[in-house]
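Could you help me get to know a protein through a few short exercises? Please take a look at the sequence and model below, then work along with the solutions.

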Amino acid sequence: MFSVCNVIKKTVISLGLISLAGCATPPVIDTSKIKNVKSVTIVDIPEVRVHALVGQLPNTYGIVHFSDDLAAFYDVEKARKTVAIEQANMEIGKAVVETQIMNTPDTTVVSAGLSGAAAGATAGLINAMGESANENAANFNEIFEEKNPNLNIRHDFLTGLTKALEGKGIEVYLASDQLSHSPYFRWDAPNKKGASFQQQYPDALPAVDTDILIQVSPIVLFNAQSALNAYARIASVGIAVYDGRTKEFFGYQELSSVDGLFDYHVYDNLVKDINVAGPAIHAQLMMLIPAIADAMETN
């Protein structure tokens with residue numbers, strides 16, 4: 001099983017900010033089925049957007065990851081930074097991808113200079129969490145990127161996970177056929193009762209010629225439960241594991257690290273210090289990688 005309790009750090013805020021799995025809920029990935037792993041395919045993801053928000057993330061589908069609730073954390077239209085991972089061996093058909101549901105951008109988002117899918121998704125998230133409390137936060141990702149040009153959440157996480165797996169003697173490949181959508185479960189993902197977890201990618205996607213297929217949904221978020229609370233650093237990644245050749249679902253789990261000892265009570269102060277806070281939350285996310293790689297070790 002994945003070890004979760006040891007990656008939740010200094011948790012002095014409510015774990016309801018994100019639906020954390022682990023200490024309170026037993027992990028649901030059956031690692032006993034992960035045996036003799038020689039090769040892994042990682043499913044590529046769109047570029048990741050960073051947010052600083054007041055309020056609680058919506059949870060429409062039972063788990064936050066791999067759902068439209070996190071659409072605002074992924075920019076499906078932005079050019080992706082190249083990652084040095086070999087493409088997986090598969091027959092990728094021409095997909096007619098279902099248009100992702102987006103809210104119409106509101107004036108808060110438009111005035112921040114955002115457009116397209118990123119604007120729609122950001123508007124939806126801000127509306128869900130409270131526009132008045134987050135009226136200045138629509139362009140936080142652009143500020144984050146400007147002040148931290150050497151950080152790229154998607155590139156760095158996928159690269160770090162690849163290196164961790166290769167360090168265990170596992171060949172790693174990349175599947176790039178789900179990039180026009182925020183992360184959804186690739187194939188059927190039944191829970192222990194046999195019902196599907198939630199949203200699934202709208203097209204029938206092929207198997208891959210590797211022992212394991214891993215989907216990841218990494219996000220980072222500066223979050224305050226209310227205007228009276230300081231912003232906490234939250235790094236979280238949803239993980240879905242399948243047999244790459246048979247599409248058998250081995251389970252889903254979320255790893256999260258919450259640092260509540262983060263003394264920014266005002267949004268403007270967080271922005272002023274983002275060149276320090278940015279690398280800190282980036283490192284917090286990267287610390288979740290070893291637990292994923294360790295689960296792929298030969299049993």
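Here are five exercises, each with a worked solution, on a model that is predicted.

**Exercise 1. Take stock of the whole protein.**
Find how many helices and strands the protein has, and what percentage of its residues count as buried.

*Solution.*
- Step 1: Begin with the elements; there are seven helices and nine strands.
- Step 2: Turn to burial; 57% of the 299 residues count as buried.
- Step 3: Look at the surface, where about 12,500 Å² is accessible and 50% of that belongs to carbon and sulfur atoms.
- Step 4: Check how the chain meets itself. Among contacts between residues at least 6 apart in sequence, 80% join residues at least 24 apart.

**Exercise 2. Work out why the buried residues of helix H6 lie on the same side.**
Use residues 274–286 for this one.

*Solution.*
- Step 1: Compare the helix with its expected span. H6 has 13 residues and reaches 18 Å from first C-alpha to last, close to the 18 Å expected.
- Step 2: List the buried residues of H6, which are Ile274, Ala277, Gly278, Ile281, His282, Gln284 and Leu285.
- Step 3: Place them around the axis. They cover an arc of only 155 degrees, and therefore sit on the same side of H6.
- Step 4: Recall a general rule: an α-helix has 3.6 residues a turn, so residues three or four places apart point the same way.

**Exercise 3. Find what the buried side of helix H3 packs against.**
The helix spans residues 140–147.

*Solution.*
- Step 1: Pick out the buried residues of H3: Phe140, Asn141, Ile143 and Phe144.
- Step 2: Their arc around the axis is only 160 degrees, which puts them on the same side of H3.
- Step 3: Follow their packing. The partners are strands E2 (47–48), E3 (51–54) and E7, together with helices H5 (267–272) and H6.

**Exercise 4. Explore the nonpolar cores.**
Which residues of the largest core touch the most other members?

*Solution.*
- Step 1: The largest nonpolar core holds 62 residues, and those touching the most other members are Phe140, Leu165, Ile212, Phe222, Leu270 and Met296.
- Step 2: Strand E7 (residues 212–224) gives the largest share of this core, eight residues.
- Step 3: Take Met296 as an example. Beyond its neighbours within four places in sequence, Met296 is in contact with Ile34, Val37, Leu165, Ile170, Ile212, Ile214 and Val241.
- Step 4: Note a second, separate core of 16 residues, with Phe185, Leu205, Leu213 and Ala240 among them.

**Exercise 5. Classify two aromatic pairs.**
A pair of rings is described by the distance of the centres and the angle of the planes. Try Trp187 with Tyr242, then Tyr242 with Phe249.

*Solution.*
- Step 1: The count of aromatic pairs comes to eight.
- Step 2: The rings of Trp187 and Tyr242 have centres 5.1 Å apart and planes at 80 degrees; planes over 60 degrees apart count as edge-to-face, so this pair is edge-to-face.
- Step 3: Locate the partners. Trp187 lies in the loop between strand E6 (171–175) and E7, while Tyr242 is in strand E8 (residues 232–243), 55 residues apart.
- Step 4: For Tyr242 and Phe249, the centres are again 5.1 Å apart but the planes are at 50 degrees, so the pair is tilted.
- Step 5: Check burial against the cut-off of under 20%. Tyr242 has 0% relative accessibility, so Tyr242 counts as buried; Phe249, at 12%, counts as buried too.
- Step 6: Put the pieces together: Phe66, Phe185, Trp187, Tyr242, Phe249 and Tyr252 form one aromatic cluster.

Conventions. Residues are numbered from 1 along each chain as its sequence is written. This is a predicted model: local features need pLDDT of at least 70, side-chain atom pairs count only at pLDDT 80 or more; totals for chains, interfaces and linings use all residues. Side-chain values use heavy atoms; hydrogens and water are left out. Helices (H or I, at least four residues) and strands (E, at least two) are DSSP runs, numbered from the N terminus. The expected span of a helix is 1.5 Å times one less than its number of residues. Buried means under 20% relative accessible area, exposed over 50%, partly exposed in between (1.4 Å probe, protein chains only). The arc is that of the directions from the helix axis to the C-beta atoms. Contact means heavy atoms within 4.5 Å. Accessible areas come from the Shrake-Rupley method with a 1.4 Å probe; for residues, only the protein chains shown count as cover. A nonpolar core is a set of buried Ala, Val, Leu, Ile, Met, Phe, Trp, Tyr and Cys residues joined through side-chain atoms within 4.5 Å. Rings of Phe, Tyr and Trp (its six-membered ring) pair if their centres lie within 6.5 Å; planes under 30 degrees apart count as stacked, over 60 as edge-to-face and the rest as tilted.
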